[in-house]
Structures are given as C-alpha cells and as structure tokens.
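I opened a fresh notebook page for this chain today. My plan was to look up one thing at a time and jot down what I found.

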Amino acid sequence: MFIMNQKRIKEEKINQLREGQTAFAETHELIRLIKRDILKYDLHVHCDETPSGCWFIPLHERISS
C-alpha cells in the first residue's frame, strides 16, 4: 500500500497555487492544511467546496474594499 504524506501533498498544492495553477483536495485534513497555508502566505484564492472535495482557484487581481 502506498501512503502519501499529507504535508508533502499540501506543499505541492500550495506551490501550484503560487504558480497560478488551480489545485484540488479531497480530504478534510488536506483542505484544512491548505486553507491554513493560504492564510499564512496571504494568497488570494477562491475556495469552491463541493461534496467530493475543494477546488482552490487563484485570483489574479486583488479585490479592494
């Protein structure tokens, strides 16, 4: 059985987002870790949660309020 390290997967997903690529996560723990790093690195990302997981879509323009 191949066991994947969640932190390594999270790092790959965060790197994808930093490069402007969309990322997808299936597990609640991975989604939680990615959301924590999005806040940590102040990334501008749209989170689209679906019943099968969460899409993280990088936003290219900052929205000012």
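**Entry 1: a term, then E29.** Before starting, I fixed what a polar contact is: a pair of N or O atoms within 3.5 Å, where, within protein, one atom must be able to donate a hydrogen and the other to accept it, and residues adjacent in sequence count only if both atoms are side-chain atoms. I also reminded myself that this is a predicted model. Then I looked up E29 and found its side chain in polar contact with the side chain of R32, at 2.8 Å. E29 lies in helix α2. Is E29 buried or exposed? I wrote down partly exposed, because its relative accessibility is 37%, and the cut-offs are under 20% for buried and over 50% for exposed. I also checked E29 against Q6: they are 23 residues apart along the chain, and their C-alpha atoms are separated by 8.2 Å.

**Entry 2: the overall layout.** Next I stepped back to the whole chain. I counted two helices and three strands. Reading from the N terminus, I get the order α-β-α-β-β. Of the 65 residues in the chain, 28% are buried. I noted about 5,200 Å² of exposed area, with carbon and sulfur atoms supplying 52% of it. For contacts between residues at least 6 apart in sequence, I found that 43% join residues at least 24 apart.

**Entry 3: the core.** Which residues make up the largest nonpolar core? I listed twelve: I9, I14, L17, A23, A25, L30, I31, I34, I38, V45, C54 and F56. I then asked where they come from, and α1 (6-18), β1 (23-25), α2 (28-40) and β3 (53-58) each supply at least two. The largest share, four residues, comes from α2. I picked A23 from the core list for a closer look. Setting aside neighbours within four places in sequence, I see A23 in contact with K13, Q16, L17, C54, W55 and F56.

**Entry 4: K10 and D37.** I was curious about charged residues away from the surface, and I tried this pair. K10 lies in helix α1, while D37 lies in helix α2. K10 counts as buried because its relative accessibility is 7%. D37 is buried too, at 2% relative accessibility. What joins the side chains of D37 and K10? I found a polar contact of 2.9 Å. Not counting residues up to four places away in sequence, K10 touches L30, L33, I34 and D37. With that exclusion again, D37 touches K10, E11 and I14.

**Entry 5: E11.** Since E11 turned up beside D37, I followed it. E11 is found in helix α1. I logged E11 as partly exposed, because its relative accessible area is 34%. From E11 to I34 I read 8.3 Å, C-alpha to C-alpha, for two residues 23 apart in sequence.

**Entry 6: E49.** I moved on to strand β2, where E49 lies. Leaving out residues up to four places away in sequence, E49 touches K35 and C54. With K35, I found a side-chain polar contact of 2.4 Å. I also looked up E49 against E26: the two are 23 residues apart in sequence, and their C-alpha atoms are 9.8 Å apart in space.

**Entry 7: the rings.** How many aromatic pairs does a search of the whole structure find? I got one. F24 and W55 form this pair, which is tilted, with 4.6 Å from centre to centre and 50° between the planes. F24 lies in strand β1 and W55 in strand β3, so the pair ties together parts that are 31 residues apart in sequence. I noted W55 as partly exposed, because its relative accessibility is 39%. Another ring caught my eye: the charged end of R18 sits over the ring of Y41, 4.1 Å from its centre.

**Entry 8: D42.** My last stop was the loop between α2 and β2 (45-50), where D42 is found. D42 has a positive phi of about 55°, although it is not a glycine. I flagged this because most residues other than glycine have a negative phi. I closed the page with its accessibility: D42 is partly exposed, with a relative accessible area of 49%.

Definitions and conventions:
Residues numbered from 1 in each chain as written. Predicted model: local features only at pLDDT ≥ 70, side-chain atom pairs only at ≥ 80, totals over all residues. Heavy atoms only, no water. Core = buried A, V, L, I, M, F, W, Y, C linked by side-chain atoms within 4.5 Å. Buried < 20%, exposed > 50% of the residue type's maximum accessible area, 1.4 Å probe, protein only. Contact = heavy atoms within 4.5 Å. Phe/Tyr/Trp six-rings, centres within 6.5 Å; stacked < 30°, edge-to-face > 60°. Lys NZ or Arg CZ within 6 Å of the ring centre and 35° of its normal. Areas by Shrake-Rupley, 256 points an atom, 1.4 Å probe, with all protein chains shown as cover.
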